[in-house]
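Biologist: Hello! Could you walk me through this structure, a few residues at a time?

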Amino acid sequence: MWQKREPPSSGAEFLKAPRDKRNDSQNAAPRREIVRRQGALPAETLPLILSVDPNSDYALLDSGDGRKLEQYGPYRIDRPEGQAIWKRALPEKEWAKADAVFTGDTDEEGMGRWRFPKTPLGETWPMRFDGTDYLGRFTSFRHVGVFPEQAPHWHHMEGLIRNAKRPVRVLNLFGYTGLASLVAARAGAEVTHVDASKKAIGWARENQELARLTDKPIRWICEDAMKFVEREERRGSRYDIILFDPPAFGRGPKGEVWQLFDHLPAMADICREILTPKPLGVVLTAYSIRASFFAIHALMRDTFAGMGGKIESGELIIREKSAGRALSTSLFSRWVAE
Ligand SMILES: C[S@@+](CC[C@H](N)C(=O)[O-])C[C@H]1O[C@@H](n2cnc3c(N)ncnc32)[C@H](O)[C@@H]1O
C-alpha cells in the first residue's frame, strides 16, 4: 500500500539534499542486532481507524482533483493532495475563497510556493488545539506547522498522563513544532522533545511561549533521534510514554541518515528498553512509506512480547466536511499497557 502523508518532514537539512543523493548508505545500516523477544504477544486490536472530524479549530472542508481545501483557524488553505483522486464536492466559488494556495512544484517534497489571492499574509497566524494556543505557519514544502490528524494520539496520551495520577515522563521523538510536547506538559508530564531541525525546535519553543507553558518542564533537544535513544539506553534514562513519528527519510543535525526501513526496528527495540518499570504506552506513526499498518503492527507486537497490554494499529484519517470522505494520512501502531 502506498501510504502518503506529505512528508514535512525530514529535517530541513534533508530537504536541501537532492533526491538522488538521499539513498546513500552512510549510517543507514542498523547498528543493533535485534533478537526476537520471548514471551506472550500483547493482545491486538486492528484495524483501528482514528478519525479527525471537522471542528472549530481545524476542518478538511473539501477535497478532489488532486487538492484539499482546509480551514486552519481564520484561514482557508488550498494545497496539493495526491490521494484526492475523486471529484470535488464544493463548487468552485468555495475554493476561490482560499486565503492561501500552495502552487508550483507538486512533487511531495518539492519547494513550490505560497500564493495569497486576497491579501499578502505573514508567515504565522494564531491557532488553537483544545484550548492550547500555537502558531500556524506557511513553510516551504507546503506544510503549515501542524499535522491535525495526530489529535487522536494527543488525546490518548493526555488520558494516559492524567489517569496515571503520578509523575509521568514523556519522550517525543521527531517532535517537529511541539504540539504533542505541549499537550503532554499541559497534562502534567515532564517532557523530552527531540528533533534534528534547529528551526523546528525554535518554532516549538515559540509555541511553548504562546501556549503560556514556559513554566512546564520541557527539555528541547536538537539531535539525531537514533543517537539520542542509544545514549538514553546507555545512561539508563527511562520514560513512561514514548511517541515517535519518523519520516521515511531524514537527517540528523550532523548529517546522520535516518532510513525508516533500515532503522525503525532498532529504534522500536531501544524504545522498549528505555521504558520505566511501569510504562504507560508507546505510539508510532509512519507515513509516506510503501507498507501497510500490518507491517508496523507486527514489528510493534513482536517488540512488546512479554510486556502484556495490547497493540492497536490502523490508520489516521481526516473526515471531510463536504461529502464525508476519509482522507488517509498515515499509519500507526501503539502499545498500551494494561
Ligand atoms: C512528521 S514530522 C513529526 C510531526 C510531529 N510528530 C507532529 O505531530 O507535529 C518529522 C520530524 O522529524 C524530524 N527529523 C527528521 N530526521 C530526523 C532525525 N534523524 N532525528 C531527529 N529528528 C528528525 C524533522 O525535522 C521533522 O520535524
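Biologist: Let's begin with Ile77: which residues is Ile77 in contact with, leaving aside its neighbours within four places in sequence?

Modeller: Happy to help, and keep in mind that this is a predicted model. Ile77 sits in strand β4, residues 75–80. Leaving aside its neighbours within four places in sequence, its contacts are Glu70, Tyr72, Ala98, Asp99, Ala100 and Val144.

Biologist: Is Ile77 buried or exposed?

Modeller: Let's count around it. A residue needs 20 or more other C-beta atoms within 10 Å to be called buried. Ile77 has 20 such atoms within 10 Å, so Ile77 is buried.

Biologist: How far apart in space are Ile77 and Ala98?

Modeller: Along the sequence, 21 residues separate Ile77 and Ala98. In space, from C-alpha to C-alpha, the distance is 5.4 Å.

Biologist: Which helix gives the largest nonpolar core its largest share?

Modeller: That core has 85 residues, and Met157, Ala184, Ile241, Ile242 and Leu284 have the most contacts inside it. Its largest share is six residues, and they come from helix α4 (residues 179–186).

Biologist: Which domains each give this core at least three residues?

Modeller: One is made of two stretches, 12–52 and 145–336, and the other covers 58–142. Each supplies at least three residues, and they are domain 1 and domain 2.

Biologist: Which elements do the buried residues of α8 pack against?

Modeller: Helix α8 covers residues 293–303, and its buried residues include Phe293, Ile296, Leu299 and Met300. The buried residues of α8 pack against β1, α7, β15, β16 and β17.

Terms used:
Residues numbered from 1 in each chain as written. Predicted model: local features only at pLDDT ≥ 70, side-chain atom pairs only at ≥ 80, totals over all residues. Buried ≥ 20, exposed ≤ 12 C-beta atoms within 10 Å, placed from the backbone. Helix = DSSP H or I, 4+ residues; strand = E, 2+ residues; numbered from the N terminus. Contact = placed C-beta atoms within 7 Å. Core = buried A, V, L, I, M, F, W, Y, C linked by C-beta atoms within 7 Å. Domains from an automatic or database assignment.
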